[in-house]
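Let us walk through this protein step by step, beginning with a single side chain and widening the view until the whole chain is in sight. Please keep the sequence and the model open beside the text while you read.

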Amino acid sequence: MSKQHPVPGSTDEYLASVDPVVLADRMELSSFTTWLVELPGIHDAGYVCSVNDAEGKATTLLWAGESNFHDVARAEAARRGIALTIRLVRYSTAQLRDAANRLFASAGRAEWSGFGITLISGTNATRDGLLVTGEYDAPSEAAQDPRLPHTLAFARTIAPEVVAIEIGPAPVPL
């Protein structure tokens with residue numbers, strides 16, 4: 001394959017389209033994240049996830065609570081030339097995992113009103129808590145399913161960490 005004419009849709013085509021500086025910064029951010037998550041005790045210290053911005057060579061660490069690891073992360077980011085922000089979030093990874101387990105364990109209860117959970121996603125750049133995705137066994141014709149507020153209220157009795165419920169497609173079988 002020619003470097004000048006990569007195959008359409010290929011990795012080579014993608015790499016040829018990305019600014020080499022941005023690509024190098026993306027790799028540096030990925031390396032930093034790998035370094036961070038491999039620190040012993042990091043998850044117990046409240047680290048949740050990283051939100052990287054390759055164009056700005058910056059990362060935002062989502063963290064549940066204060067930790068001595070904040071200073072360690074700041075020092076390493078500075079050494080690598082990475083702009084670092086730490087944003088405190090309400091729930092740790094362990095809290096979110098426990099909440100998701102409670103939700104899955106409650107599946108099938110009548111209070112779900114026929115809502116079947118297909119996915120539970122955690123804290124990210126735009127959400128601090130759990131998003132529960134699923135579908136009802138008897139879909140509503142309404143634009144906004146009238147059962148959603150009841151389903152959200154019930155989900156929050158199981159796990160207060162739930163911030164939203166959405167109707168989404170069923171998982172694709174493998």
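In this predicted model, the side chain of S50 makes a polar contact with the side chain of Y47, at 2.7 Å. S50 is placed in strand β1, and with a relative accessibility of 19% this serine counts as buried, because the cut-off for a buried residue is under 20% relative accessible area. If we leave aside the neighbours of S50 within four places in sequence, its contacts are T33, L36, T59, T60 and L61.

To see the surroundings of S50, follow strand β1 into its sheet. This sheet is open and is built of three strands in the order β1-β2-β3, with mixed pairing. Strands β1 and β3 (83–88) stand at the edges, where each has a single partner strand, so one side of each is left without a neighbour in the sheet. On average, and with direction ignored, neighbouring strands of this sheet are turned by 20° against each other. Strands β1 and β2 run antiparallel and are joined by six bridges; in one of these pairings, D53 has A58 in β2 as its bridge partner. Helix α2, made of residues 20–37, lies across β1, β2 and β3 and runs at about 170° to β1. Helix α3, residues 69–80, also packs on the sheet, where it touches β2 and β3, and its direction makes about 160° with that of β3.

Between β1 (47–53) and β2 (58–63) there is a loop, and K57 lies in it. What is notable about the backbone here? Most residues other than glycine have a negative phi. K57, although it is not a glycine, has a positive phi of about 40°. S113 is another residue with a positive phi, of about 55°, although it is not a glycine either. S113 has its place in the loop between α4 (93–105) and β4, and with a relative accessible area of 28% it is partly exposed, because partly exposed residues fall between the limits of 20% and 50%.

The loop that holds S113 leads on to β4, and β4 belongs to an open sheet of three strands in the order β4-β5-β6, again with mixed pairing. Which strands stand at the edges of this sheet? They are β4 (115–121) and β6 (162–167), and since each has a single partner strand, one side of each is left without a neighbour in the sheet. The twist from one strand to the next averages 30°. Strand β5, residues 130–136, pairs with β6 in the parallel sense over five bridges, and L130 stands opposite V162 in β6. Helix α5, residues 148–158, packs on this sheet and touches β4, β5 and β6, while its direction makes about 140° with that of β6.

We can now turn from the backbone to the side chains. The largest nonpolar core has 20 residues, and those with the most contacts inside it are L103, W112, V132, V162 and I165. At least two residues of this core come from each of α4, β4, β5, α5 and β6, and α5 gives the most, with five residues. W112 shows how such a residue is surrounded: apart from its neighbours within four places in sequence, W112 is in contact with L103, S106, A107, I117, Y136, T151, F154, A155 and I165. Apart from this core lies another one, of 14 residues, which includes L39, I42, Y47 and I82. Y47 is thus a member of that core, and it is also the residue whose side chain makes the polar contact with S50.

Finally, let us step back to the whole chain. The protein has five helices and six strands, and from the N terminus on its elements run α-α-β-β-α-β-α-β-β-α-β. Of its 174 residues, 37% count as buried. Among the contacts in the protein with a separation of 6 or more, 55% are between residues 24 or more positions apart. The accessible surface of the protein comes to about 10100 Å², and 57% of it belongs to carbon and sulfur atoms.

Terms used: Residues numbered from 1 in each chain as written. Predicted model: local features only at pLDDT ≥ 70, side-chain atom pairs only at ≥ 80, totals over all residues. Heavy atoms only, no water. Pairing = 2+ DSSP bridges. Helix = DSSP H or I, 4+ residues; strand = E, 2+ residues; numbered from the N terminus. Axes fitted to C-alpha atoms, helices over the stretch in contact; angles between N-to-C directions. Contact = heavy atoms within 4.5 Å. Buried < 20%, exposed > 50% of the residue type's maximum accessible area, 1.4 Å probe, protein only. Areas by Shrake-Rupley, 256 points an atom, 1.4 Å probe, with all protein chains shown as cover. Polar contact = N/O pair within 3.5 Å; in protein donor to acceptor, adjacent residues only side chain to side chain. Core = buried A, V, L, I, M, F, W, Y, C linked by side-chain atoms within 4.5 Å.
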